[in-house]
Amino acid sequence: MNANPLVSIIINNYNYSDYVAEAIESAIHQSYPFTEVIVVDDGSTDQSREIILQYKHEIIPLFKENGGQASAMNTGFKSSKGDVILFLDADDYLLPKAVEKAVEALRDGRTVKVHWLLHKIQNENKISNSTLPDNTLAEGNLKDQLIRMGPSHSGGPPHGPPNSGNAWARWYLEKIFPIPEPPFKGGADNYLFVLAPLFGEIRAIHEPLGYYRIHGKNNTLKEDYMTTFFARYDQCCQALSHYLSQEGIHIDPTTWPRDHWYHQVYSDMKELAGIVPASDSFVLVDENHWLSGDSILGRSRILFTERNGEYWGPPANDQAAILELERDRQKGASFIVFTSPAFWWLDYYSGFRDHLKECFPCMLNNDRMVVYKITN
């Protein structure tokens, strides 16, 4: 890598007209001067095109028919020239020194990926008191671990951030692109995470360098994410097995443990489905941990708090939480569910917790979920 490598920031956008300008602004105002910003619009039907074209003299705009995230990332990468590549989801944005710090971490020639923490940001730009991931960032040589344990031990989520919290060495991406498009219409970053440790080391920057936005329009929330996850996971297993075989390492993918975070979440969802009848709806407090759609295994999900179907952030205080719960009950919610990343609510909103305990039966209380039945 030369002294001042070019960095390509590739923004993939689909119907994020509310957010894409902020993503572009964060990319074009990086402290590191040697950058190109490519914005791939994946067939948006909102006002995204008009907003993107406002920046046509500062970015490289690319417009294509809708094909999904992998298709958008492939298009952007094919047009890029940078030695360092950063894929930025259009509803997220970067801090000004993100690229500068990523370049420094990738200079050694052995590192395929550097990743960093992301602030969680909620509606009305309310910054959460937590980051993604909430675990320690993976780093170092993870190849032996990956070979032994499979895709769930690649250094990706939950031990790494999602798409917008990573920068990649171009030489690595050229070995694995294009991303297979049909199985990775969503979650295309998983393909990159899974193969990275085969080609080099992972480095971590243990500070937030960007913002991950949680909102009702997250594309990962527009379907029951679990219904497509297992197909993607199997594709990751096949891809990993393929690249290992090229090194003379032959492993049956079915021997890798199914202990990925998604498998654990899906197990929790099935346990919840045994409590919540299929015809009922429930309130979910999960810090976006489940990446769920409007329904989970046929049960309607209500975000807490929610306005017009969009996540509205935590309540201001105990009284606001109780009032919100009553509104949800009037809308037909029968249960409220807290998952482990949101257990802090039950400490912080102690009055709300006491209200739940005094007024409603607890149907489940373990180290992964707390469930109350909130109908009379």
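The side chain of D286 reaches the backbone nitrogen of W290 at 2.9 Å, a polar contact in the sense of a pair of N or O atoms within 3.5 Å, where within protein one must be able to donate a hydrogen and the other to accept it, and residues adjacent in sequence count only if both atoms are side-chain atoms. This is a predicted model, in which local features need pLDDT of at least 70 and side-chain atom pairs count only at pLDDT 80 or more, while totals for chains, interfaces and linings use all residues. Residues are numbered from 1 along each chain as its sequence is written, and side-chain values use heavy atoms, with hydrogens and water left out.

**Surroundings of D286**

- D286 lies in the loop between β10 (281–285) and β11 (295–296); helices (H or I, at least four residues) and strands (E, at least two) are DSSP runs, numbered from the N terminus.
- Although D286 is buried, it has no salt bridge, and the nearest side chain of opposite charge, that of R301, is 6.7 Å away; buried stands for under 20% relative accessible area, exposed for over 50%, and partly exposed for values in between (1.4 Å probe, protein chains only).
- For charge, Lys and Arg count as positive and Asp and Glu as negative, whereas His and the chain ends are not counted.
- With its neighbours within four places in sequence left aside, D286 is in contact (heavy atoms within 4.5 Å) with L291, T339, P341 and A342.

**The six-stranded sheet**

- An open sheet of 6 strands, with mixed pairing, follows the order β11-β12-β10-β15-β17-β16, two strands being paired if DSSP finds at least two bridges between them.
- β11 and β16 stand at the edges, each with a single partner strand, so one side of each is left without a neighbour in the sheet.
- At one edge, β11 is joined by 2 bridges to strand β12 (residues 299–303), the two running antiparallel, and I296 stands opposite R299 in β12.
- At the other edge, 3 bridges join strand β16 (residues 362–365) to strand β17 (residues 369–373), again in an antiparallel arrangement, and the bridge partner of N365 in β17 is V370.
- A hairpin connects β16 to β17 through 3 residues.

**Helix α9 and its link to the hairpin**

- Helix α9 (residues 261–273) has 13 residues and reaches 18 Å from its first C-alpha to its last, close to the 18 Å expected at 1.5 Å a residue, where the expected span is 1.5 Å times one less than the number of residues.
- In α9 the buried residues include W261, Y262, H263, V265, D268, M269 and L272.
- R368 forms a salt bridge with D268, the closest N and O atoms being 2.7 Å apart; the term requires a side-chain nitrogen of Lys or Arg within 4 Å of a carboxyl oxygen of Asp or Glu.
- Because R368 lies in the loop between β16 and β17 and D268 in helix α9, this pair ties together parts that are 100 residues apart in sequence.
- R368 counts as partly exposed at 25% relative accessibility, whereas D268 counts as buried at 6%.

**Other salt bridges**

- The count comes to 16 salt bridges, and D108, R110 and E201 are linked in a network of them.
- R170 forms a salt bridge with E174, with the closest N and O atoms 3.0 Å apart; being 4 residues apart in helix α6 (residues 170–176), R170 and E174 are separated by about one helical turn.
- R170 is buried, with a relative accessible area of 14%.
- E104 forms a salt bridge with R107, the closest N and O atoms again being 3.0 Å apart; E104 is partly exposed at 47% relative accessibility, as is R107 at 31%.
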